[in-house]
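This report describes the structure shown below, beginning with a surface feature and moving on to the strands and the side-chain contacts between them.

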Amino acid sequence: LLINKNSGSARTIYLNFYLDDVLQSNSLPIHQAGATAILNEDFNWLRYGNVLFYETGGETIITNWSADETARGWTSSPSADNSRPVYARQGFVKLGKTNYGADLISPKLSQIQGTKNVLVKFKAVPYMTAGGTKDDVILKVNVIGPGTVGISQFEITNWPDYAADPNCTEIWKNPSTERSFLITGATAETQIRFLGGDFDLRGREPKNKNRIFLDDVVVTVQE
């Protein structure tokens, strides 16, 4: 009996036995421990603005986060207009604004010992207005420091359905919202970068908006 390595949470299956086509009453439980996350970020410490994606009032740019929030280690690079348009929302973040994309850079993966391969899981949702106008959908991923990403770009096309999910909560539970990629050769100096489109989107009408919502970044070591 061969069981694949578990890169997620703890899991259990039950192996059933048949004798002369009769299911026996005793089964064999197989328990497998979950992977230990070296980064598990749910952004629940951010409480700004609205849970509704299309309501932007109250969202707070990263340069105005509190000292405690900044101390969590998430940073951003200047965009082409020298701003850092990463916005805190209700337990998630938004990348980008009209004409300018934004990146979000993780803290260093300081718990890595030596050089490891790591699996990065995250949730992403594209921006759509209340009237149904859609942004561009490109999310680029790379690393700062050691390591090589197995995938460098995603198309985030799991559009929110505001009629079926008026509070924008169910979409975060949808399996299509979670993506993943592998980093080979990561060390304690490695940081993960998520970039919505490009830093400069001017002149790309109607694709001059590439806003992406991010949440639940989980990094596990692949032994």
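## Surface, sheet and salt bridges

Ile3 is placed in the segment that comes before strand E1, which covers residues 11-15. The model is a predicted one, and in it Ile3 counts as partly exposed, because its relative accessibility is 43%, a value that lies between the 20% and 50% limits used for buried and exposed residues. Ile3 belongs to a nonpolar patch on the surface, in which Leu1, Ile3, Leu15, Phe17 and Leu28 together present about 480 Å² of accessible area.

The protein chain as a whole contains one helix and 16 strands. Its C-alpha trace spans about 70 × 45 × 35 Å along the principal axes, and of the 223 residues in the chain, 42% count as buried.

### An open sheet of four strands

One open sheet is built from four strands in the order E9-E15-E11-E13, and the pairing is antiparallel. E9 and strand E13 (153-155) stand at the edges with a single partner strand each, so that one side of each is left without a neighbour in the sheet. From one strand to the next, the twist averages 20°.

The antiparallel strands E9 and E15 are joined by three bridges, and Asp103 stands opposite Leu195 in E15. Strand E15 also holds Arg193, which counts as buried because its relative accessibility is 18%. The side chain of Arg193 is joined to that of Ser77 by a polar contact of 3.3 Å.

### Salt bridges across the chain

How many salt bridges does the model contain? The count comes to 11 salt bridges, and the table lists three of these pairs with the distance between their nitrogen and oxygen atoms.

| Acidic residue | Basic residue | N to O distance |
|---|---|---|
| Glu189 | Lys108 | 2.7 Å |
| Asp216 | Lys123 | 3.2 Å |
| Asp198 | Lys140 | 2.6 Å |

The salt bridge between Glu189 and Lys108 has an N to O distance of 2.7 Å. Glu189 lies in the loop between strand E14 (178-186) and strand E15 (191-196), while Lys108 lies in the loop between strand E9 (103-105) and strand E10 (116-126), so this pair ties together parts that are 81 residues apart in sequence. Glu189 is partly exposed, with a relative accessible area of 44%, and Lys108 also counts as partly exposed, at 42% relative accessibility.

In the salt bridge of Asp216 with Lys123, the closest N and O atoms are 3.2 Å apart. This pair links distant parts of the chain, with Asp216 in strand E16 (residues 212-222) and Lys123 in strand E10, 93 residues apart. Are these two residues buried or partly exposed? Asp216 counts as partly exposed at 23% relative accessibility, whereas Lys123, with a relative accessible area of 19%, is buried; the two values fall on either side of the 20% limit under which a residue is called buried.

Asp198 and Lys140 meet through their side chains in a salt bridge with an N to O distance of 2.6 Å. Because Asp198 lies in the loop between E15 and E16 and Lys140 in strand E11 (residues 138-144), this pair ties together parts that are 58 residues apart in sequence. Both partners are partly exposed, Asp198 with a relative accessible area of 22% and Lys140 at 25% relative accessibility.

### A salt-bridge network with a buried lysine

Glu59, Arg89 and Lys94 are linked to one another in a network of salt bridges. Within this network, Lys94 is found in strand E8, which comprises residues 93-95, and Lys94 is buried because its relative accessible area is 3%. The side chain of Lys94 also makes a polar contact of 2.9 Å with the side chain of Glu59.

### An exposed proline

Where in the chain is Pro175 found? Pro175 is in the loop between E13 and E14, and, at 70% relative accessibility, Pro175 counts as exposed. Pro175 and Arg84 are 91 residues apart in sequence, and in space their C-alpha atoms are 30 Å apart.

Note on methods:
Residues are numbered from 1 along each chain as its sequence is written. This is a predicted model: local features need pLDDT of at least 70, side-chain atom pairs count only at pLDDT 80 or more; totals for chains, interfaces and linings use all residues. Side-chain values use heavy atoms; hydrogens and water are left out. A salt bridge is a side-chain nitrogen of Lys or Arg within 4 Å of a carboxyl oxygen of Asp or Glu. Helices (H or I, at least four residues) and strands (E, at least two) are DSSP runs, numbered from the N terminus. Buried means under 20% relative accessible area, exposed over 50%, partly exposed in between (1.4 Å probe, protein chains only). Two strands pair if DSSP finds at least two bridges between them. Axes are lines fitted to C-alpha atoms, for helices over the stretch in contact, and angles run from 0 to 180 degrees between N-to-C directions. Patches are made of residues with over 30% relative accessible area and no salt bridge: like charges are joined within 9 Å, nonpolar side chains (Val, Leu, Ile, Met, Phe, Trp, Tyr) within 5 Å. Accessible areas come from the Shrake-Rupley method with a 1.4 Å probe; for residues, only the protein chains shown count as cover. A polar contact is a pair of N or O atoms within 3.5 Å; within protein, one must be able to donate a hydrogen and the other to accept it, and residues adjacent in sequence count only if both atoms are side-chain atoms.
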